[in-house]
Amino acid sequence: MAESFFAGKAGKDRLVLESQQTEFMMLALDGPKVFGGRIPRDAHIQMFITDEIFNIRHKLLGDSLNEAGVPEHPRERWLSVDEEIRRAIVKESPDQCRGRYRSDPIIIVPKPDA
Ligand code: HEM
């Protein structure tokens with residue numbers, strides 16, 4: 001069981017992850033269709049992402065869009081697309097996770113105070 005969503009491969013490939021997310025959002029916001037990755041449910045199936053964790057990321061995204069001076073309309077649209085992804089990736093129990101391939105670990109991140 002790994003203890004960080006971004007450790008190992010995903011950590012080293014941060015730039016890849018950034019461009020995958022950018023291309024995904026371009027598609028979701030009716031921009032150029034260059035994204036060729038997996039749908040959100042399949043891309044996050046090995047991670048035990050709770051509502052609490054999703055909320056933290058969603059709040060950071062909103063703060064970042066504000067900090068970058070993104071106007072209200074595109075910002076709210078971006079945040080509403082992001083919110084729609086919640087039901088595809090949030091899980092109530094680690095039982096809902098599975099490896100994407102045989103040796104893929106299920107990732108459960110402990111709470112900081114646990
Ligand atoms: C707390 C929530 C989230 C966490 C912890 C998370 C984490 C990750 C990680 C670690 C990967 C890389 C997996 C790998 O290649 O091994 C990934 C892939 C990806 N994530 Fe997320 N993610 C979250 C939410 C989201 C949301 C809300 C979106 C879309 C708006 C998103 C879009 C993507 C995309 C497009 C990929 C690449 C898909 C592919 O593999 O083809 N993620 N995410």
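**Figure 1. Polar contacts of the ligand with Arg 38, His 44 and Arg 100**. In this predicted model, a side-chain N or O atom of Arg 38 lies 2.7 Å from an oxygen atom of the ligand. Arg 100 also faces a ligand oxygen, with a polar side-chain atom at 3.2 Å. For His 44, the partner is a nitrogen atom of the ligand, 2.9 Å from a polar atom of the side chain. A polar contact is a pair of N or O atoms within 3.5 Å; within protein, one atom must be able to donate a hydrogen and the other to accept it, and residues adjacent in sequence count only if both atoms are side-chain atoms. Residues are numbered from 1 along each chain as its sequence is written, and side-chain values use heavy atoms, with hydrogens and water left out. Local features need pLDDT of at least 70 and side-chain atom pairs pLDDT 80 or more, whereas totals for chains, interfaces and linings use all residues.

**Figure 2. The iron atom of the ligand and its protein donor, His 44**. The iron atom has a single donor from the protein, atom NE2 of His 44, at 2.0 Å. Donors are N, O and S atoms within 2.8 Å of the metal (3.2 Å for Na, K and Ca); water is not among the atoms, so the site may look incomplete. His 44 is located in the loop between α3 and α4, where helices (H or I, at least four residues) and strands (E, at least two) are DSSP runs numbered from the N terminus.

**Figure 3. The shell of residues around the ligand**. The shell holds 22 residues, of which Phe 5, Gly 37, Arg 38, His 44 and Arg 100 come nearest; a residue is near the ligand if one of its heavy atoms lies within 4 Å of it. Helices α2 (14-28) and α4 (51-67) each contribute at least two residues, and α2 gives the largest share, five residues. By type, the shell comprises 13 nonpolar, four polar and five charged residues. Here Ala, Val, Leu, Ile, Met, Phe, Trp, Tyr, Cys and Pro count as nonpolar, Asp, Glu, Lys and Arg as charged, and the others, Gly among them, as polar.

**Figure 4. The aromatic pair of Phe 24 and Phe 35**. One aromatic pair is found in a search of the whole structure. The ring centres of Phe 24 and Phe 35 are 5.4 Å apart and the ring planes meet at 85°, so the pair is edge-to-face. Rings of Phe, Tyr and Trp (its six-membered ring) pair if their centres lie within 6.5 Å, with planes under 30 degrees apart counted as stacked, over 60 as edge-to-face and the rest as tilted. Because Phe 24 belongs to helix α2 and Phe 35 to the loop between α2 and α3 (40-43), the pair ties together parts that are eleven residues apart in sequence. Phe 35 is partly exposed, at 21% relative accessible area; buried means under 20%, exposed over 50% and partly exposed in between (1.4 Å probe, protein chains only).

**Figure 5. Helix α2 and two of its residues, Thr 22 and Met 25**. The 15 residues of α2 reach 21 Å from first C-alpha to last, close to the 21 Å expected at 1.5 Å a residue, a span taken as 1.5 Å times one less than the number of residues. Thr 22, within α2, is partly exposed at 45% relative accessibility, whereas Met 25, also in α2, is buried at 8%. The C-alpha atom of Thr 22 is 9.8 Å from that of Val 34, twelve residues away in sequence. Between Met 25 and Gly 99, 74 residues apart in sequence, the C-alpha separation is 25 Å.

**Figure 6. Asp 13 and Asp 30, in the loops on either side of α2**. Asp 13 is placed in the loop between α1 (8-12) and α2 and is partly exposed, with a relative accessible area of 31%. Its C-alpha atom is 16 Å from that of Arg 38, 25 residues away along the chain. Asp 30 follows α2 and is found in the loop between α2 and α3. Although not a glycine, Asp 30 has a positive phi of about 65°. Most residues other than glycine have a negative phi. At 61% relative accessibility, Asp 30 counts as exposed.
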